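Welcome! Take a moment to look over the chains on your screen before reading on.

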Amino acid sequence: MIAHLRLEIEKLKKQTLSLSAIVEKSLWMAMRTVLEKDSVTARKVIESDSVIDKMEVEIEEECLKILALHQPVAVDLRFIVATLKMNNDLERIGDLAVNIAERGLYLAEMESCVLPFDFTEMAEKVQAMLKKSLDSLVNLDAKLAREVAAADDEIDDLHRKNYELTRQLIETQAVNAVCSIHGLSISRYLERIADLADNISEDVIYMVDGEIVRHKSQFETLAKNSDEK
Amino acid sequence: MNSDKIKMATKDMSFFYGDYKALNEISLEFAANRVTALIGPSGCGKSTYLRTLNRMNDIIPDSKVVGNVQLDGVDIYAKDVDVVDVRRRVGMVFQKPNPFPKSIFNDVAYGLRVNGIKNKGELQGRVEKSLKAAALWEEVKDRLGESALGLSGGQQQRLCIARAMAVEPEVLLMDEPASALDPIATQKIEELIIELKDRFTIIIVTHNMQQAARVSDYTAFFYLGKLIEMDATENIFTRPKLKQTEDYITGRFG
């Protein structure tokens with residue numbers, strides 16, 4: 001019985017790792033379409049989303065099956081719950097990669113479109129963040145997972161700068177507004193992916209240490225304020 | 001545990017069978033009107049421990065208790081303590097239902113008569129009250145004069161719980177009370193345990209970890225005669241502090 005649960009959990013772990021690998025690759029390809037105006041790759045990203053969706057459903061079914069049949073507790077329970085949540089986040093990242101690829105496709109077809117900002121740095125940082133959160137999952141490394149949150153602030157700053165720049169450019173009519181809006185959307189998608197990578201790392205921390213770190217500073221501030229009252 | 005009143009406690013309590021130290025300096029506190037589950041692999045000492053709480057081990061030759069077992073702060077092994085009184089205040093339900101070969105009524109009334117209650121009206125009232133509390137009244141009220149041995153296993157166990165409750169103990173010890181029962185009877189016993197904690201402090205030994213998770217407020221994990229970890233049940237089953245506990249409850253050993 002228990003050995004059986006071990007096998008099921010190992011299988012689930014492998015499925016989740018394959019999904020992570022595909023999602024990571026999908027994001028990488030999506031950014032190529034933007035940076036290199038590559039419409040062929042863009043279409044590949046859009047088409048491959050159904051693979052991600054299918055895997056997401058399979059992983060969820062596997063989790064539900066384990067919960068119903070084995071009633072796992074402690075670390076096993078945390079593993080299943082964290083997997084259910086990460087599975088969702090990974091699928092969302094896949095969708096956002098598709099959104100990026102769709103914008104990339106548009107830009108590739110609009111030769112005259114010049115993006116108002118260079119995405120190289122932001123793309124590299126978001127991909128590194130996603131890689132780190134997925135590495136922390138592979139190695140069940142809570143310490144590495146805790147590093148991800150810090151990088152999220154940097155991405156938020158970059159996105160804010162891009163927003164400001166777009167606003168100025170549109171206001172001064174310095175660039176084509178439609179191109180700028182596409183650019184800003186890509187920035188926004190990357191920022192969302194960084195948030196989801198952050199969520200994944202939080203779930204890894206929960207899985208390994210049993211500690212819920214989400215919204216922690218917020219709760220501490222609330223507690224502090226109510227103490228002072 | 002912080003805000004709960006402590007009903008029973010052991011302090012650095014060890015138990016010996018001859019030279020063999022079966023329990024190793026166990027310090028545990030039991031909150032009043034709460035259910036505490038004792039879990040651990042066979043031979044870990046959890047049943048031996050349970051039996052020290054109402055001096056059931058007294059009858060084992062060459063055995064001894066070192067340390068302290070307190071009921072409302074008083075050492076139940078102190079010289080001036082009446083063991084019969086301890087066992088009235090700390091009742092016990094066993095793994096296998098053990099009804100007396102008597103009628104259902106007399107089974108439940110037995111302890112009351114031993115305690116000197118002879119008034120027929122009072123006996124009837126208390127038997128009915130106990131059977132109702134044990135969720136058995138509706139099933140047996142028309143055949144109180146029939147033999148208790150004719151009841152099903154699940155009914156017999158509820159009868160034993162009614163018998164234990166009839167003398168109005170303060171603490172109920174249960175040694176795997178549902179392990180010999182089918183799932184439906186088990187469910188009834190579990191529901192009963194949760195209802196009864198309003199009136200008693202309950203300490204239950206169980207091999208069924210899901211059962212411990214379902215019915216108890218606190219869980220204590222025993223291993224090789226030692227208390228390894230004690231915490232709120234939800235903590236033990238979601239994020240135990242010690243790896244040994246986690247390994248046991250997730251079936252990695254034991």
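Here is a short tour of the model, grouped by topic.

Keep in mind from the start that this is a predicted model. Two chains meet in it, with nine residues of chain A and nine residues of chain B taking part in the contact. We begin there, then look at a helix in chain A, and finish with the sheets and one buried residue of chain B.

**Where the chains meet**

- On the side of chain A that touches chain B, the biggest share comes from helix H3 (residues 74-109) of chain A, which gives five residues.
- Sorted by class, that side of chain A has five nonpolar, two polar and two charged residues.

**Helix H2 of chain A**

- How far should the 32 residues of helix H2 (residues 39-70) of chain A span? At 1.5 Å a residue the expected span is 46 Å, and the end C-alpha atoms are 47 Å apart, which agrees.
- H2(A) also has a kink of about 30 degrees, and A:Ser48 is at its centre.
- Several residues of H2(A) are buried, among them A:Val45, A:Ile52, A:Met55, A:Ile59 and A:Ile66. The buried residues of H2(A) also include A:Glu62 and A:Cys63.
- Just after the helix ends, A:Gln71 has a positive phi of about 40 degrees.

**The four-stranded sheet of chain B**

- Follow the strands of this open sheet in chain B in the order S2-S1-S4-S5, and you will find antiparallel pairing.
- Strand S2 (20-31) and strand S5 (74-75) of chain B are the edge strands, and each of them pairs on one side only.
- Strand S4 (residues 63-71) of chain B is joined to S5(B) by two bridges, and the two strands run antiparallel. Look for B:Leu71, which stands opposite B:Val74 in S5(B).

**The six-stranded sheet of chain B**

- Another open sheet in chain B has six strands in the order S6-S7-S8-S3-S9-S10, with mixed pairing.
- Why is one side of strand S6 (90-93) and of S10 of chain B left without a neighbour in the sheet? Both stand at the edges and have a single partner strand each, so one side of each stays unpaired.
- On average, neighbouring strands in this sheet are turned by 20 degrees against each other, direction ignored.
- Strand S3 (residues 35-39) and strand S8 (residues 201-205) of chain B pair in the parallel sense over four bridges. In this pairing, B:Val35 has B:Ile202 of S8(B) as its bridge partner.
- Strand S9 (residues 218-223) and strand S10 (residues 226-232) of chain B run antiparallel, joined by six bridges. B:Tyr223 has B:Lys226 in S10(B) as its bridge partner.
- The hairpin of S9(B) and S10(B) has two residues between the strands, and B:Leu224 takes a positive phi near 50 degrees there.
- Helix H6 (residues 153-166) of chain B lies across S6 and strand S7 (171-175) of chain B, at about 170 degrees to S6(B).

**A closer look at B:Val108**

- You can find B:Val108 in helix H3 (residues 104-114) of chain B.
- Is B:Val108 buried or exposed? B:Val108 has 32 other C-beta atoms within 10 Å, and 20 or more count as buried, so B:Val108 is buried.
- Leaving aside residues up to four places away in sequence, B:Val108 touches B:Val127, B:Ser130, B:Leu131, B:Leu159, B:Ala162, B:Arg163 and B:Ala166.
- B:Tyr248 is 140 residues from B:Val108 in sequence, and their C-alpha atoms are 38 Å apart in space.

Note on methods
Residues numbered from 1 in each chain as written. Chains lettered and ligands numbered in written order. Predicted model: local features only at pLDDT ≥ 70, side-chain atom pairs only at ≥ 80, totals over all residues. Contact = placed C-beta atoms within 7 Å. Nonpolar A, V, L, I, M, F, W, Y, C, P; charged D, E, K, R; others polar. Expected span 1.5 Å × (residues − 1). Bend = angle between axes of the 7 residues up to and from the residue. Buried ≥ 20, exposed ≤ 12 C-beta atoms within 10 Å, placed from the backbone. Pairing = 2+ DSSP bridges. Axes fitted to C-alpha atoms, helices over the stretch in contact; angles between N-to-C directions.
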